[in-house]
Amino acid sequence: MALFDARARDKARELSAYRDQRYSGSLRDQEQQLKNSTTLYVGNLSYYTREEQVYELFGRAGDVRRVIMGLDRFKKTPCGFCFVEYYTRDEAENAIRCVNGTRLDDRVIRTDWDAGFIEGRQFGRGKHGGQVRDEYRKDFDPGRGGWNKIVATKNNENL
């Protein structure tokens, strides 16, 4: 009879398939940094989520070194993502285990490993200053600022 091994199904140590296309080093370097990182990318945040809320939630998994909120490149307002840095890899793994898929401000947030925050990465990469994925969204999402910029522009033209 086999004993239950909780770590056998543990996905916190695994890397996702996503890789940052703007990473300046090689793919091998990026993978090595991801394997040793203590930094998490947190996505699907509400535009109204405050830094203090992120600290409180992620602080339950370990000691948070810092939180860097994602900002609209032009307006310098939150745009739905952040980076959370921990002091140790174990604390960051706990956060992935415990926080990934939970709700914050009525939104299911997602976490992923990040190779480490570098100044300038806090700004959205979309054409309109926010996240690229918001430019393709076709639904009304009050937590993400309503309609995306393209849909909002077309709706205003039709009025």
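This passage describes the sheet, the helices packed on it and the aromatic side chains of a predicted model.

The protein chain of the predicted model contains 5 helices and 6 strands, and from the N terminus on these elements follow one another in the order α-β-α-β-β-α-β-β-β-α-α. Of the 159 residues of the chain, 45% count as buried. Among the contacts between residues at least 6 apart in sequence, 64% join residues that are at least 24 apart.

Four of the strands, in the order β2-β3-β1-β6, form an open sheet in which the pairing is antiparallel. Strands β2 and β6 stand at the edges of this sheet, each with a single partner strand, so that one side of each is left without a neighbour in the sheet. Direction ignored, neighbouring strands are turned against each other by 25 degrees on average. The pairing of β2 (residues 64–71) with β3 (residues 78–86) rests on 6 bridges, the two strands running antiparallel, and within this pairing R66 has E85 of β3 as its bridge partner. Two helices pack on the sheet: α2 touches β1, β2, β3 and β6, and its direction makes about 140 degrees with that of β2, whereas α3 touches β1, β3 and β6 and makes about 150 degrees with the direction of β6.

Strand β1 (residues 39–43) is joined to β6 by 5 bridges, the two strands running antiparallel, and 5 bridges likewise join β1 to β3, again in antiparallel orientation. Individual residues of β1 can be placed against these partners: L40 has V84 of β3 as its bridge partner, while Y41 stands opposite D112 in β6 and V42 stands opposite T111 in β6. Because 5 of the 5 residues of β1 are buried, this strand is largely enclosed by the rest of the structure. The burial extends to both faces of β1, with T39, Y41 and G43 covered on one side and L40 and V42 on the other. The edge strand β6 is itself mostly covered, 4 of its 5 residues being buried.

The buried residues of helix α2 (residues 51–58) are consistent with a one-sided arrangement, which can be followed residue by residue. Within this helix, Q53, V54, L57 and F58 are buried; seen down the axis of α2, the buried residues fall within an arc of 115 degrees, so they line one face of the helix. An α-helix has 3.6 residues a turn, so residues three or four places apart point the same way. The face of α2 that is turned away from the buried side carries the exposed residues E52 and E56. On the buried side, the residues of α2 pack against strands β1, β2, β3 and β6, and also against α3 (residues 89–99) and β4 (residues 103–104).

A search of the whole structure for aromatic pairs finds 4 of them. One of these, formed by F81 and F83, is edge-to-face, with 5.9 Å from centre to centre and 90 degrees between the planes. F81 is buried, with a relative accessible area of 6%, and F83 is also buried, with a relative accessible area of 2%. F83 takes part in a further pair, with F117, which is tilted, the centres lying 5.4 Å apart and the planes making 55 degrees. Since F83 lies in strand β3 and F117 in the loop between β6 (residues 110–114) and α4 (residues 132–136), this pair ties together parts of the chain that are 34 residues apart in sequence. Both F83 and F117 are buried. Together with Y41 and F81, these two residues form one aromatic cluster. Y41, a member of this cluster, is also one of the buried residues of β1.

A contact of another kind involves the ring of W113, over which the charged end of R89 sits, 3.6 Å from the ring centre.

Terms used
Residues numbered from 1 in each chain as written. Predicted model: local features only at pLDDT ≥ 70, side-chain atom pairs only at ≥ 80, totals over all residues. Heavy atoms only, no water. Phe/Tyr/Trp six-rings, centres within 6.5 Å; stacked < 30°, edge-to-face > 60°. Buried < 20%, exposed > 50% of the residue type's maximum accessible area, 1.4 Å probe, protein only. Lys NZ or Arg CZ within 6 Å of the ring centre and 35° of its normal. Pairing = 2+ DSSP bridges. Arc of directions from axis to C-beta. Contact = heavy atoms within 4.5 Å. Axes fitted to C-alpha atoms, helices over the stretch in contact; angles between N-to-C directions.
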